[in-house]
Amino acid sequence: MARSRLGFEIRTRLGQRIEGVFPRFEGRIEVLSDGRHQVHLRMFTGYVEIPGKERYTGWMRGEEFFDAGRYPVVEFDSVPYEPQLAERGGGIHGRLILRGVSHPETLQVEPASCLRAGYDCDVVSRGTVQRGRYGMDSWQLALSDRVTFVLRARLNEAPKP
C-alpha cells in the first residue's frame, strides 16, 4: 500500500471542510484460507497534518483531538469479506480503535473505476465516525461531530495467503 493515501475530513459548523492527512500509516490485506480477505490499518497520529495550517495540525495532534501523546495509533481491523467487494463496492465492517475506545464501524468502498481495482486505479473507501463516541468532544460549537476517513488504496503486489 506504499502508493496509497489516507486522510480525513471534518466540517466546521459554518460548512467549511478541513482536510487532513496521515502521511505515516501501515496497511495490509490478508488473504484467509477460505479465500476471503481481511484489512488491517494502522494510522500514526503523531504525524497527522492539516497541510498549510500549522496551528490546526498542532490541535489535531493534541489532547483535544487525536491525543497523539497518549494514543499514537488509530487501528481498523475488518471482519473477513469477499474479495469481489473491491470491484463492485459495498461495506467492509470492522472494529476501529481510536483514543483507546473501540467501536464497530464500516468502510464504504466505492465501485471500481477500472478492471483491476487497486492496481490500475485506486480502491476508494470512506468511513464516517462520530468523534464524540471516541472522547473527541471538544470544540462542539465550532466543529461537526462527524469525521470521515478517506482511503485511496493502491496495491504493490497480490496479497499473500
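Here a visitor and a guide talk through a predicted model, asking how its features earn their names.

Visitor: What makes the strands here a sheet, and in what order do they lie?

Guide: Nine strands form an open sheet, in the order 2-1-9-8-7-6-5-4-3, and the pairing is antiparallel. Strands of a sheet pair through backbone hydrogen bonds, either parallel or antiparallel. From one strand to the next, the twist averages 25°.

Visitor: Why are strand 2 and strand 3 called edge strands?

Guide: Strand 2 (17-21) and strand 3 (25-31) each pair on one side only, so they are the edge strands.

Visitor: How do you know that strand 4 pairs with strand 5?

Guide: Two strands need at least two bridges between them to count as paired. Strand 4 (residues 37-44) and strand 5 (residues 73-78) are joined by five bridges, so they count as a pair, and they run antiparallel. One of the matches to look for is L41, whose bridge partner in strand 5 is F76.

Visitor: What joins strand 5 to strand 6?

Guide: Four bridges do, and again the two strands run antiparallel. Find F76 once more: in strand 6, its bridge partner is L96.

Visitor: How many bridges link strand 6 with strand 7?

Guide: Nine, in the antiparallel sense. L98 has V101 as its bridge partner in strand 7. The hairpin of these two strands has two residues between them, and that is where R99 takes a positive phi near 55°.

Visitor: Is R99 buried or exposed, and how do you know?

Guide: Buried means under 20% relative accessible area. R99 has 14% relative accessibility, so R99 counts as buried.

Visitor: Where else does a residue other than glycine have a positive phi?

Guide: Try D67, with phi near 55°. D67 sits in the loop between helix 1 (54-61) and strand 5. Its relative accessibility is 5%, under the 20% cut-off, so D67 counts as buried too.

Visitor: What about the hairpin of strand 3 and strand 4, and which residue there takes a positive phi?

Guide: G35 does, with phi near 95°, in a hairpin that has five residues between the strands. Strand 3 and strand 4 pair over seven bridges in the antiparallel sense, and V31 stands opposite H37 in strand 4.

Visitor: Why is D77 called partly exposed?

Guide: The partly exposed class lies between the buried limit of 20% and the exposed limit of 50%. D77 has 30% relative accessibility, so D77 falls in that class. You'll find D77 in strand 5. D77 and E19 are 58 residues apart in sequence, and their C-alpha atoms are 23 Å apart in space.

Visitor: What makes S4 a buried residue?

Guide: At 8% relative accessibility, S4 is under the 20% limit, so S4 counts as buried. S4 lies in the segment before strand 1 (5-12).

Visitor: How do you know that the side chain of S4 makes a polar contact with R154?

Guide: A polar atom of the S4 side chain lies 2.9 Å from the backbone nitrogen of R154. The cut-off for a polar contact is 3.5 Å, so the distance is within the limit.

Visitor: What makes the largest cavity a cavity rather than a pocket?

Guide: In a cavity the probe fits but cannot get out, whereas a pocket is open. The structure holds one cavity of 30 Å³ or more, and about 140 Å³ of space lies in the largest cavity. Its lining has 14 residues, and F76, L96, L107, G127 and F149 lie nearest the centre. Strand 4, strand 7 (101-109), strand 8 (123-130) and strand 9 (143-153) each give two or more residues to that lining. By class, the lining has ten nonpolar, three polar and one charged residues.

Visitor: And what lines the largest pocket?

Guide: The largest pocket has a volume of about 320 Å³. It is lined by 20 residues, with I29, Y81, A86, V123 and L155 nearest its centre. Helix 2 gives the largest share of the lining, three residues. The lining divides into 17 nonpolar, two polar and one charged residues.

Terms used: Residues numbered from 1 in each chain as written. Predicted model: local features only at pLDDT ≥ 70, side-chain atom pairs only at ≥ 80, totals over all residues. Heavy atoms only, no water. Axes fitted to C-alpha atoms, helices over the stretch in contact; angles between N-to-C directions. 1 Å grid on protein atoms, 1.4 Å probe; cavity = no way out; pocket = protein on both sides within 12 Å on 5 of 7 lines; lining within 4 Å. Points joined across faces, edges and corners; volume = space filled by probe spheres on them. Nonpolar A, V, L, I, M, F, W, Y, C, P; charged D, E, K, R; others polar. Buried < 20%, exposed > 50% of the residue type's maximum accessible area, 1.4 Å probe, protein only. Polar contact = N/O pair within 3.5 Å; in protein donor to acceptor, adjacent residues only side chain to side chain.
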